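Please look over the structure shown here, with attention to what is packed inside it and to how one of its helices is placed.

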Amino acid sequence: THLYILICRAGKGIFDEGKPDAGIIARMCKDDYYPLAVTVTKNIEHYLNKPLPENETVNIFNYLAGSRMGGDKLPGISAIAPKVRDITNFFITKFEQMAGIRMQPSLIFCELASHIKPMLNRLRSNIVVKNVLIDDIRKEYGEFFQMLRKIADEAQACYELQFIDDDEVGFITLYFARY
């Protein structure tokens with residue numbers, strides 16, 4: 001999804017034009033995801049037939065570092081860390097209460113947990129993944145977004161999490177909208 005959005009933005013000429021900090025680049029170079037981010041950037045440049053700003057490589061790196069790498073198979077409930085399980089259940093339970101509906105957690109739990117786990121890693125590492133669809137999500141799923149914004153704030157306080165920004169809330173909203 002991130003790459004598709006990057007290609008769409010590139011087609012419209014919308015880029016993150018900032019210059020990455022040399023210290024950030026130096027730290028990234030030591031990480032296993034950096035060569036992959038460079039390769040992905042080069043492949044996209046080849047596909048688009050135009051160069052991308054350096055910051056787009058940083059964005060790709062951040063996405064890879066904060067994503068759930070390791071295959072498409074969703075973990076079984078027993079393989080999910082207790083904190084991830086608790087926060088996932090918190091979102092589902094609070095959403096049921098606010099929306100006044102009874103959900104079948106088995107349909108959403110593993111997919112949502114597979115987002116919550118890397119989100120927690122991103123929060124701990126201060127990695128921000130820009131959700132370029134956030135305006136569309138707010139427009140299409142405004143009521144869900146507002147409920148989940150409140151739930152995210154409660155989860156933040158209850159589980160002593162770093163701030164869950166609107167970009168993350170937008171991603172979470174899509175799981176509930178899909179359900």
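In α8, the buried residues (under 20% relative accessible area, with exposed over 50% and partly exposed in between, for a 1.4 Å probe and protein chains only) are F145, M147, L148, R149, I151, A152 and A155. This is a predicted model, in which local features need pLDDT of at least 70 and side-chain atom pairs count only at pLDDT 80 or more, while totals for chains, interfaces and linings use all residues. Residues are numbered from 1 along each chain as its sequence is written, and side-chain values use heavy atoms, with hydrogens and water left out.

**Helix α8**
- Helices are DSSP runs of H or I with at least four residues, numbered from the N terminus, and the cover over the buried residues of α8 includes α5, α7 and α9.
- The end C-alpha atoms of α8 are 24 Å apart, which agrees with the 24 Å expected for its 17 residues at 1.5 Å a residue (1.5 Å times one less than the number of residues).
- After α8 comes E160, whose phi is positive, near 50°.

**Nonpolar cores**
- The largest nonpolar core (buried Ala, Val, Leu, Ile, Met, Phe, Trp, Tyr and Cys residues joined through side-chain atoms within 4.5 Å) has 31 residues.
- Its largest share, nine residues, comes from α6.
- A second, separate core of 14 residues includes F15, V40, I44 and I60.

**Residue T173**
- T173 lies in helix α9 and is buried, with a relative accessible area of 0%.
- Leaving aside neighbours within four places in sequence, T173 is in contact (heavy atoms within 4.5 Å) with I137, Y141, F144, F145 and L148.

Notes: Helices (H or I, at least four residues) and strands (E, at least two) are DSSP runs, numbered from the N terminus.
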